[in-house]
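Visitor: I am new to this structure and would be grateful for a close look at a single part of it. Please begin with the local surroundings and then place them in a wider setting.

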Amino acid sequence: MNRQVSATLSGQLRLQLKGITKQYPGCLANDQVDLEIAAGEIHALLGENGAGKSTLMKMIYGVTKPDAGEIIWQGSRVEIKDPSMARKMGIGMVFQHFSLFETLTVTENIALALGDEAGDLQLLAKKISTVSKQYGMELNPDRHIHSLSVGERQRVEIVRCLVQDIKLLILDEPTSVLTPQEVETLFVTLRQLATDGCSILFISHKLKEVQALCHNATILRGGKVTGDCVPAEAGATKMAQLMVGVDTPISSNYPKATGTEVFLAVQDLTNSSEDPFGTSLKKVNFSVRRGEILGIAGVAGNGQEELLAALSGEHLLDSSDPVKFAGLGVGLLDPRKRRELGLGFVPEERLGRGAVPEMSLVENTLLTGFLQGLLNFGFINQPKTEQFSQRIIDDYKVKTPNNRTAAQSLSGGNLQKFIIGREILQNPQLLVAAHPTWGVDIGAATAIHKALIELRDKGAAILVVSEDIDELFLISDRLCAICDGEISPAKATLETSIEEVGRWMTGVFEPTESAVSEQLDAALNTRSIN
Amino acid sequence: MFLKLEPRGEASRAMSYLSPLLAGLLTLLSGGIFFVFLGHDPIDALRIFLVAPVEDLYGFAELCVKAAPIMLCAIGLAVAFKAQVWNIGAEGQLLIGGLAASAVALQLLEVESFWALPLVLLSGMLGGGLWGLLAAWLRNRFNANEILTTIMFNYIALYLLLYFVHGSFKDPDGYGFPASAIFADSSLLPILIEDTRMHIGILFALLAVVIIWVMLSRSFIGFQIKVLGLDSNAAKLAGFKHKRLVAVVMIISGALAGLAGAGEGAGPLEQLVPSISPGYGYAAIIVAFLGRLHPVGIFFASLLMALIYLGGELAQIELNLPLAVTSLFQGMLLFYLLACDVFINFKVKFNRPQISATLENS
C-alpha cells in the first residue's frame, strides 16, 4: 500500500535493472535479474547466503561490472565505473563489515570516506550532528570509533552516506549486528528517510524484518529472481519457499526439555582478554545440565570469543575451578584433555579453525577425531579415518564429490554440517557450538538444529552461543545473554520473551548473587580504608 | 596493452609442478646468454657445466658425494618449513654437527671399534639438533623470530668452528695449517665404489628422505606438523602442542643438518677443516623449495644442486670462470622459482586500454 503512495508521489523509477547477468568462474552469480525501485520506496532483496544478493548490490555500487544487462538510473542508461562514481550519482552503501578506523574520530572517518568532497572538517562535523539528529540517530562527531558500540558504528556508516546528496541507500544485512531494540530505532530512521524521498535497498534473509519494514520485496535463489511480492501481504511461508524452494523443509518446533544433573558449571569466571580490543569476562556464572540446551544471546564482541576460548581450553585459566566438567575442575587442562573428558566444540570460524581449508575431509576428520581410535602407535589408521569421514558425510548429508575434497571447496552450509557431524559422532558429553548456523542456508540450518536436538535427547549437555535470537528461541531450553563480559541469569525459554532477552543484551539485568556479594565486599573494603 | 596479474580462484596444481621446471629452463637460458657475454659458445659451456661433470662413473660418484649433505639438509628443512618454522640455519647446524663429530673423532684417533663411526655420526646429529633447539627455545620462550636467530646462529657456528680449528683441534703435526688430524679409519664412512670418494652418506640421505616421507604422510606427528603450518588456529583448537612441535621440527632439521656435517668430516674430508661446507646449508633452502617441500621433489632438486656445484668447479678449470658461477646459478634458480611461483596463485591478463565509461544521458 505504501508503495502506491510513494510511487505516485514521485512518479518515476529511481533504479531499474534489466537482465543483469554475472558469471564468476564456476558459478553463475546472477542470471537475468530484473529489479525496480521507485523513489521513496524501501525495497527488500531477500535470499539465502550465496543467492547472489551481494553480487547484485556490488554491481549497483560499481564494485564489479555485469557481464550483460542494463542499469537504468532515473530513466537513463548508465555504466557505473567505480564506487566513487556511484557515490557521485547519489548511491550510498553500508556494508555488513564496517570499514572504519578505530583510532580516528567520527568526523575524520567520514572525511576519509568522502575524499576531496569532505571540505572543511568543522563544517563537516556540524553537518554530521545536524543530519544525525534529523534522522534520530544522534552521534557525537568528535568521538573516537573504538569508544562506540556496534550500533553506533553502523550509524556512522549510515550518516556517511547521508551527508552527501543521497538518492539510494543500500544496506547489507544491517540488523545482524544489532539488538532487537536497536533494530527498532534503525527502522524508524529508515522509514523517515524513505518519506523524505530516498530509496532504500534492504538486503536481508530475515523474513520478519522485511515484513515489518519493506514496501516491496524481490526474492533471489541461485542467482535468479524467483518472485516479487508485497511482504506485508504475502505470508512468511510463501516468501520462505521462494527463498529456499518448495522441497526444503523449513524449521519446525521442538519440544523443550529440562535436563538432569549439571555437567558444565562455570563459577565466577573472571578472565582478562589477551586482545587489547577484546572484552574481559567479569564474574561469569552459569551451568548447563545434561539433556538441555542453554543458549547465550548477545551482540558480537561482548565477550563471546573470550568465553568460548576459556571453555575450549585455547585460553588456559589461572586456576582449575572456574570451569568444571561433571564436578571436575578443568581450567588448567589443554583442549585435548578436555576432549578426553567429553568436550565437543564447534568454533565460529569453520574455515581456518574448525577445519583446515587446504586439507581433505578425511584429514579434517582426523583433526579433532584422533581420539576415536584412529591412531595406531602414532601412525594414522587410514582405513578407519576414511570410514569415519564417510560416516559423517552419509549421516549428515554433506554434499561433496567425495571425502578427498578439500574443506575449502565445500559451501559454508555443507562444511558446517560436516564439522557438527564430526563433533557429534564423537559422542560428546558436552557440545559447545558457536554460531552454529551463521551464514548457512535454511535447509542446512534445519538439519543442524535437528542434530543438536537429537544429541540433547541422548543426554548431552549443549551450549549454543549465537547472535541469532530467533534461532536461540527455537532450540534453547534455557536462555541467557552476554553483555560486556557479564552474563545475565538464565531463564527457561518459555518463560521469557524477545523483549526481555533484548534488554539483557544491552546489559539490563539483575546481577547474579556472587556479583552482589562482590560489590558488598568492595563497599566494605572502601569503608575500612577510609 | 597492459599486463595485469589477476588472482586465480584456486591455486593451480599444474603450475605448482610446472614452476620448478620453468625456473630450471629460464636458468639455463639466462646461463647461456651469460656465457655468450663472457665469450664462450653457450651450448658448449652449458655442456661443460651440466653434462661433462657426470659423464663417467667418477663424476657420478662425485655427484652423490655432493648430493648427500644437500639432501640431508633440505629434507630436514622441508619438515620445518611444512610447520611454517623458517629455519634458515641449516648451514650453522651443519657446521656444529661437523664440529661435534670431529670433537668425538679426535678422541677416537687410536680406537679401532665398530662403534666409533656410529658415535661420531650420532654426536654430529646431537650437536646439530641442539643448535636447532636453541633457536626453537628462543622462539617459544621470547617470541624471537627464528629467521633472524637462525641466521645469526650460522655466524656464531662458523666462528666457533674457526676458533677450534685454529685452536685446540689443530693437528700438532700439521705444519701450522688450520686443520685437525686425519680421523682414524674406524671413524670414517665406508666407501661404496672403489677408487671413488662415494661413501655411504648418500644411503643415509636416501634413508632420511624415505623416513621423512613416511613421517609426513603417515604419522600423527607429521599430520600435526602440517596442520600447524597450514592453520595454526585449527592446531590450537585441536589441542596440538604448538611449542613442542616447533621444538620437534627444529631438532629434526638440525639433527639432519648435523649428520650432513658429520658426514663431510667423516666422509670426503677425513678431517675437520675451516671450509667444511661450501654453503650446503644455504643451497638446501633453495632445494627444499625447488622440490616443493616434497621428498621426491627434494631428491631430484638435490641432484640438480649437486650438479651445479660440480659444474661450477669444472667451469673454473675448463673455462677459466670464477667459482662464483655456482652461486650465480643458484641465485638465478631461486629467483626464477620465486618469480614463476607467482603464477600458481595468479594468472596474467592482457588488458586493453579501457574506453572510459560514461553517463549516457539521453
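Guide: A strand here is a run of at least two residues that DSSP assigns as E, and strands are numbered from the N terminus. In this sense Asp268(A) belongs to strand E11 of chain A, which covers residues 262-271. The model is a predicted one. The backbone of Asp268(A) deserves attention: its phi is near 45°, a positive value in a residue that is not glycine. Its relative accessible area is 31%; since values between 20% and 50% count as partly exposed, Asp268(A) is placed in that class.

A residue of chain B may be set beside it. Glu270(B) is not a glycine either, and its phi is positive, at about 65°. Glu270(B) is located in a loop of chain B, between helix H10 (242-269) and helix H11 (280-290). With a relative accessibility of 33%, Glu270(B) counts as partly exposed.

Returning to chain A, one may consider Cys214(A). Cys214(A) sits in the loop that joins helix H8 (207-213) to strand E9 (216-221). Its relative accessible area is 5%, and because buried means under 20%, Cys214(A) is buried. Leaving aside residues up to four places away in sequence, Cys214(A) touches Ile42(A), His43(A), Ala44(A), Phe202(A) and Pro231(A). Thr270(A) stands 56 residues from Cys214(A) along the chain, and 43 Å separates the C-alpha atoms of the two.

The wider setting is chain A as a whole. Chain A contains 18 helices and 23 strands. Its C-alpha atoms occupy a box of roughly 70 × 70 × 40 Å along the principal axes. The radius of gyration is 25 Å, which agrees with the value near 24 Å for a compact globule of 530 residues. Of these 530 residues, 54% count as buried. Among contacts in chain A with a separation of 6 or more, 66% join residues 24 or more positions apart.

Chain B offers a closing detail of helix packing. Helix H1(B), residues 13-37, packs against helix H13(B), residues 324-345, at an angle of about 140°, and their axes are 8 Å apart. This angle makes H1(B) oblique to H13(B). Sorted by class, their contact comprises 17 nonpolar, 6 polar and 1 charged residues. The crossing of H1(B) and H13(B) is right-handed.

Note on methods: Residues are numbered from 1 along each chain as its sequence is written. Chains are lettered from A and ligands numbered from 1 in the order in which they are written. This is a predicted model: local features need pLDDT of at least 70, side-chain atom pairs count only at pLDDT 80 or more; totals for chains, interfaces and linings use all residues. Side-chain values use heavy atoms; hydrogens and water are left out. Axes are lines fitted to C-alpha atoms, for helices over the stretch in contact, and angles run from 0 to 180 degrees between N-to-C directions. Helices (H or I, at least four residues) and strands (E, at least two) are DSSP runs, numbered from the N terminus. Angles under 35 degrees count as roughly parallel, over 145 as roughly antiparallel, 65 to 115 as roughly perpendicular and the rest as oblique. A crossing is left-handed if the near helix is turned anticlockwise from the far one by less than a right angle, and right-handed if clockwise. Ala, Val, Leu, Ile, Met, Phe, Trp, Tyr, Cys and Pro count as nonpolar, Asp, Glu, Lys and Arg as charged, and the others, Gly among them, as polar. The radius of gyration is taken over C-alpha atoms; the globule rule is 2.2 Å times the number of residues to the power 0.38. Buried means under 20% relative accessible area, exposed over 50%, partly exposed in between (1.4 Å probe, protein chains only). Contact means heavy atoms within 4.5 Å.
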